[in-house]
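Dear colleague,

I am passing on the structure we spoke about, with my notes below it. Please read them alongside the coordinates and tell me where you would like more detail.

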Amino acid sequence: MKRFNIALMGLLMGMANLASAQTVTSPNGKIAVKFSLTGNGVPTYEMTYKGKEVVKPSHLGLELAKDKHASKGMDETSLMDGFQTTNTKTTTFDETWKPVWGETSTIRNHYNELEVDLNQPSSKRDIIIRFRVYDDGMGLRYEFPEQKELNYFVIKEEHTQFAMAGDHTAWWLPGDYDTQEQETQESKLSEIRSRFHDAVNWSNSSVGVFSETGVQTSLQMKSNDGLYINIHEAACENYATMHLNLDDKNMVFESWLTPDATGLKGFMQTPCTTPWRTVMVSDDARDMLASNLILNLNEPCKIEDTSWIHPTKYCGVWWEMIAGGKSWAYTDDFNSVKLGQTDYAHAKPNGHHPANTANVKKYIDFAAANGLDQVLVEGWNIGWEDWFGHWKQDVFDFVTPYPDFDIKALNEYAHSKGVKLMMHHETSSSALNYERHLEDALNLMNKYGYDAVKTGYVGDIIPRGDHHYSQSMNNHYMHVIKEAAKHHIMVNAHEATRPTGLCRTYPNMVGNESARGTEYEAFGGSDPNHTVILPFTRLQGGPMDYTPGILETQLSTWCSNKSWVHTTLVGQLALYLTMYSPLQMAADLPENYQKYNDAFQFIKDVAVDWDDSRYLEAEPARYITVARKAKGTNNWFIGGKTGLAAHTSNIKLDFLDKGRKYEATIYADAKDADYEKNPKAYTITKRNVKKGDVLKLQEARGGGFAISIKAL
Ligand code: NOJ
Ligand code: CA
């Protein structure tokens with residue numbers, strides 16, 4: 001009898017669940033997302049594109065940890081099954097908004113939404129799962145309304161699945177709680193396990209590798225039948241960064257959140273939501289790059305007056321340290337120097353500290369002469385003698401300059417030439433120390449007229465045991481963004497968590513590193529395919545401060561570094577277009593730009609803010625070609641970048657205005673150029689062009705091209 005009842009109950013529940021299946025399609029009808037409760041009331045979704053499976057039936061849910069802090073004390077429970085659908089709602093949304101800066105001057109946010117209201121009778125808890133389906137993908141998130149039985153709660157793990165329909169090719173980084181600076185791996189999903197160990201950057205990684213099939217997002221994939229699929233997240237605020245753990249027998253990814261120092265993954269209070277979990281899909285790779293899905297899933301701008309936020313081109317006292325072996329520190333007396341205990345005025349200068357007044361003046365002159373807006377100066381402040389490696393709490397105070405850096409005079413000098421200095425705050429990952437000094441640091445910036453800061457999080461996090469991508473650290477990064485906004489300061493955070501489109505809401509977040517940047521070209525180099533995968537992966541969430549423009553690709557010509565840049569010289573120019581960012585550095589030394597003055601002209605000319613962008617050619621980790629229209633002008637710039645293989649681009653100029661005449665300046669790899677053997681062979685040609693003309697360009701191995709098209 002008992003057995004019969006259970007069977008009957010299962011049948012009845014199954015029938016109820018069948019009735020609760022709901023499908024929502026994209027505005028153009030090509031993408032369909034179906035939600036149902038399966039088995040014992042398990043929230044389940046699946047997704048198709050033009051009728052092809054993109055995500056096979058996949059479970060949704062979370063496990064909650066035992067929590068003595070919850071209102072009534074809470075045992076370990078789950079929000080995984082036993083649900084009933086109490087209501088569903090479908091709506092449509094269509095608006096066009098204007099980003100403060102961006103690849104286009106307007107962005108359309110058009111989706112169909114399905115809201116599923118669920119109740120778990122056993123716990124008397126309600127949750128909502130919301131789906132938004134766009135023409136280029138979908139987002140889903142969990143929402144926790146305020147309610148008696150769910151007030152404070154702690155997340156043990158989120159179990160959002162993404163069941164893949166095949167053994168796709170994937171471009172992945174090993175899942176790690178503390179670094180994203182590895183080389184991207186290209187392999188079948190089934191090969192991740194065997195490749196994992198070699199992919200981990202053990203020197204950077206602390207204890208953060210959680211599985212041999214764990215990967216980071218944004219994860220770009222390509223199916224055998226030509227579908228481009230990308231999994232990422234949007235609006236990750238007050239929540240831990242998501243990784244994906246692969247069940248490589250069944251090809252099912254499941255979310256794996258970054259823990260904090262307690263080992264737990266999220267401290268929540270209703271009403272609250274998770275970030276959006278996103279799946280983008282198309283049979284055309286260009287759609288992956290042109291997509292605004294991540295930005296659209298973020299909240300509109302919360303900063304009322306944005307007039308002080310501006311795209312910025314900058315140079316800096318940087319490459320001579322990173323590549324050239326010069327020092328951030330003022331003295332080499334590393335053993336005796338402790339913050340606050342050393343009278344730097346009497347310390348012996350090491351003689352190779354480029355953040356000094358005379359050298360910074362040289363950079364200011366260089367910026368002023370070449371139309372660059374700002375000069376970053378690293379190593380201006382005391383503390384660098386003992387900043388890293390000792391998990392030390394009090395390192396920098398962010399306000400005291402070294403004796404050879406005249407902060408007042410230098411800012412005045414810069415301003416007199418129409419240039420600003422850019423602040424640098426390396427926190428050495430002592431977030432605690434940074435938060436204590438933040439207000440003073442921001443006030444100092446206001447006092448001297450800085451409006452942008454590059455921050456950094458090298459080393460292990462303090463509070464000790466915490467991780468770079470945990471909920472608490474994600475809150476720290478956003479705290480800095482919000483405090484900086486109050487002081488009208490733009491922020492470019494290095495080593496912070498990978499972005500998830502929050503720059504729509506807080507557009508003073510003008511850049512992030514959060515991936516392997518150009519600095520690695522000074523540490524042995526990066527794979528030539530690196531920059532033609534990053535736009536598909538890292539850049540989905542927001543711009544990267546990649547710091548391109550190293551025209552002297554052979555470092556040994558000016559210093560003892562044996563590393564060399566793994567692109568052609570012209571390939572470096574192309575990055576100003578293909579690696580979209582409102583913050584672009586001209587990262588090489590002034591004397592190297594002097595040496596390649598004719599090619600440097602492109603860096604001077606190229607815009608950093610755009611009215612329009614057209615992705616003309618794209619294939620992950622192979623090549624990218626993009627044309628962009630400079631903001632408020634009729635001028636266009638086109639960049640093409642190829643990876644390891646040479647590539648021929650045929651560019652049809654059908655985006656130019658009919659009847660208008662233009663002059664194109666074309667920076668191309670010379671016929672015999674090659675990133676390894678002959679990187680600095682290039683040609684510069686000028687010709688008149690008009691709408692409909694076709695330009696044929698050869699890109700060398702590791703090369704590219706850059707074109708500026710001026711309306712006459
Ligand atoms: C790592 C950053 O990526 C780099 O740009 C910076 O110069 C160093 N940390 C020092 O802060
Ligand atoms: Ca870095």
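The site of the calcium ion (ligand 2) is irregular, with angles of 52 to 165° among its 6 donor atoms; please keep in mind throughout that this is a predicted model. For comparison, ideal angles for six octahedral donors are 90 or 180 degrees. The coordinating side-chain oxygens come from Glu-181, Glu-495, Glu-513 and Glu-519, at 2.2 to 2.6 Å, and along the sequence these donor residues follow the spacing E-x313-E-x17-E-x5-E. The site thereby links distant parts of the chain, since Glu-181, in the loop between strand S13 (169–172) and strand S14 (185–188), and Glu-519, in the loop between strand S28 (509–512) and helix H10 (569–578), are 338 residues apart.

Because buried means under 20% relative accessible area, Glu-181 at 8% counts as buried, as do Glu-519 at 11% and Glu-495 at 14%. Glu-495 lies in the loop between strand S27 (490–494) and S28, and its phi is near 65°, a positive value in a residue other than glycine.

Turning to ligand 1, there are 13 residues around it, of which Glu-378, Glu-426, Lys-454, His-494 and Glu-513 come nearest; Glu-513 is also one of the residues that coordinate the calcium ion. By class, this shell has 5 nonpolar, 2 polar and 6 charged residues. Oxygen atoms of ligand 1 lie 2.6 Å from a side-chain N or O atom of Glu-426, 2.9 Å from one of Trp-318, and 2.6 Å from a polar side-chain atom of Lys-454. Taken alone, ligand 1 exposes 300 Å², and the protein buries 94% of that.

Some backbone details may also deserve your attention. The peptide bond between Thr-217 and Ser-218 is cis, with omega at about 0°, and Ser-218 lies in the loop between strand S15 (214–216) and strand S16 (219–222). A cis peptide bond also runs from Ile-462 to Pro-463, with omega near 15°, where Pro-463 is found in the loop between strand S26 (452–456) and helix H9 (471–486). Ser-429, in the loop between strand S25 (420–426) and helix H8 (431–448), has a positive phi near 65° and counts as buried at 0% relative accessibility.

Finally, Thr-270, in the loop between strand S20 (266–269) and strand S21 (272–273), is buried with a relative accessible area of 4%, and its side chain reaches the backbone oxygen of Leu-150 at 2.7 Å.

With best regards

Conventions: Residues are numbered from 1 along each chain as its sequence is written. Chains are lettered from A and ligands numbered from 1 in the order in which they are written. This is a predicted model: local features need pLDDT of at least 70, side-chain atom pairs count only at pLDDT 80 or more; totals for chains, interfaces and linings use all residues. Side-chain values use heavy atoms; hydrogens and water are left out. A residue is near a molecule or strand if one of its heavy atoms lies within 4 Å of it. A polar contact is a pair of N or O atoms within 3.5 Å; within protein, one must be able to donate a hydrogen and the other to accept it, and residues adjacent in sequence count only if both atoms are side-chain atoms. Accessible areas come from the Shrake-Rupley method with a 1.4 Å probe; for residues, only the protein chains shown count as cover. Ala, Val, Leu, Ile, Met, Phe, Trp, Tyr, Cys and Pro count as nonpolar, Asp, Glu, Lys and Arg as charged, and the others, Gly among them, as polar. Donors are N, O and S atoms within 2.8 Å of the metal (3.2 Å for Na, K and Ca); water is not among the atoms, so sites may look incomplete. Four donors count as tetrahedral if all angles lie between 85 and 135 degrees; four count as square planar and six as octahedral if opposite donors are over 155 degrees apart and all others between 65 and 115; anything else is irregular. Helices (H or I, at least four residues) and strands (E, at least two) are DSSP runs, numbered from the N terminus. Buried means under 20% relative accessible area, exposed over 50%, partly exposed in between (1.4 Å probe, protein chains only).
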